Amino acid sequence: MLVPRRLNAARGLGDRVFRHQLTATGIAVLAIMAGVGLFLLLRAGQALRARGFAFLTTAAWQPDVHNFGIAAVLTGTVLIALVAVVISVPLAVGTALFISDIAPRRLRRTLVTMVDLMAAVPSVVYGLWGLFFLQQHVIGLSRWLSEWLGWIPLFKVDGTQPGEPLATESVFTASTFVAGIVVALMVAPIQCSVMREVFSQAPAGEREGAYALGATRWGMIRSVVLPYGKGGMIGGTMLGLGRALGETIAVYLIISPVFVIQPHILQTGSNSVSSLIALHYGDASDFGMSALMAAGLALFLLTLAVNFTASTVVARSRSGAQSEA
């Protein structure tokens, strides 16, 4: 009876050190994340015990009289992030495809550098640009969307009527829509960088095979590059969504804080968890600080949920797992 010989690969000292370093790094990351969550939970315990489940359903923010919750700020956070993702994903995908498959080689390096530089611009610069320049140029678009899509509750603006050209412009300023556009321009470079790297790794053989079968450039992209980069597109989108959920300074500069659930993205007034913390951190009492920590804990858990969901989806749709070519 023949028994297959067992092969033992002897690991050198360098391999063992490298493996232990990776293991220690992974454990350290998990420990830091768990430490942050535990810190927030301990500091938020007083506020959570005082409000209980009402913390998730109350829109007002008056911690000194024990009347506070994150219903309004959490709604605003999610809406701003969704507006940002809806705008940034097509922009990031188009830019990444242009850089990886269409742009000439000489122009490609310049575009990559410009995209990377956009990701390095401080958020306060984006916030000031959105406040003093972008907002006044977006009012016309907001008015047009309200006029033609106002029958949809999301685009409705209270205080205006369709076809009323003299309606005051102040109802369209400091809105979720304006903040979402600014945040979209902040997260698009990050998404584009991830997608560009994945698109550029699509197998050259499959690209040439698609061309050999008579595919046009768009046909090659649709049948080879996009299926191969599906995981990268999902990962880049979720990475940008996580960044959008936690953006602070730019949103704080643009929005007009309100503590009511505001589902109309074109109407003035919005809020977010991060801007709430920035607004009240300096003058908060001990109990108010606990309430802010509770809001931070909710944002922390929301971000973790988004990231774990993204990891699960990406794991089930690995880039390169299949293509139609």
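The bend at a residue is the angle between two fitted axes, one for the seven residues ending there and one for the seven starting there. Keep that in mind for the second stop of this tour through a predicted model.

**Start with the whole chain.** Show the cartoon and you should find twelve helices and two strands. Following the sequence, the order is α-α-β-β-α-α-α-α-α-α-α-α-α-α. The C-alpha trace spans about 80 × 50 × 35 Å along its principal axes.

**Select residues 71-102.** This is helix α3, with 32 residues. How far apart are its end C-alpha atoms? They are 45 Å apart, which agrees with the 46 Å that α3 should span at 1.5 Å a residue. Now color S88: here α3 bends by about 30 degrees. Add P90 to the selection, and you have a proline that follows the bend within four residues.

**Add residues 176-200.** These form helix α6, which packs against α3 at an angle of about 35 degrees, the two axes lying 6 Å apart. The crossing of α3 with α6 is right-handed. Turn on side chains where α3 and α6 meet: by class, this contact has 23 nonpolar, seven polar and one charged residues.

**Finish inside the protein.** Rolling a probe the size of a water molecule over the atoms reveals where empty space remains. In this structure there are three cavities of 30 Å³ or more, and the largest holds about 40 Å³ of space. Which residues line the largest cavity? Select T77, I80, A244, L245, E247, V251, S272 and S274 to see its lining. Helix α3 comes back into view here: α3 and α9 (230-246) each supply at least two residues of that lining. By class, the lining has four nonpolar, three polar and one charged residues.

How values were computed. Residues are numbered from 1 along each chain as its sequence is written. This is a predicted model: local features need pLDDT of at least 70, side-chain atom pairs count only at pLDDT 80 or more; totals for chains, interfaces and linings use all residues. Side-chain values use heavy atoms; hydrogens and water are left out. The expected span of a helix is 1.5 Å times one less than its number of residues. On a 1 Å grid over the protein atoms alone, a cavity is a set of points where a 1.4 Å probe fits but cannot get out, and a pocket is an open set with protein on both sides within 12 Å along at least five of seven lines; lining residues have an atom within 4 Å of a point. Grid points are joined across faces, edges and corners, and a volume is the space filled by probe spheres set on the points. Ala, Val, Leu, Ile, Met, Phe, Trp, Tyr, Cys and Pro count as nonpolar, Asp, Glu, Lys and Arg as charged, and the others, Gly among them, as polar. Axes are lines fitted to C-alpha atoms, for helices over the stretch in contact, and angles run from 0 to 180 degrees between N-to-C directions. A crossing is left-handed if the near helix is turned anticlockwise from the far one by less than a right angle, and right-handed if clockwise.
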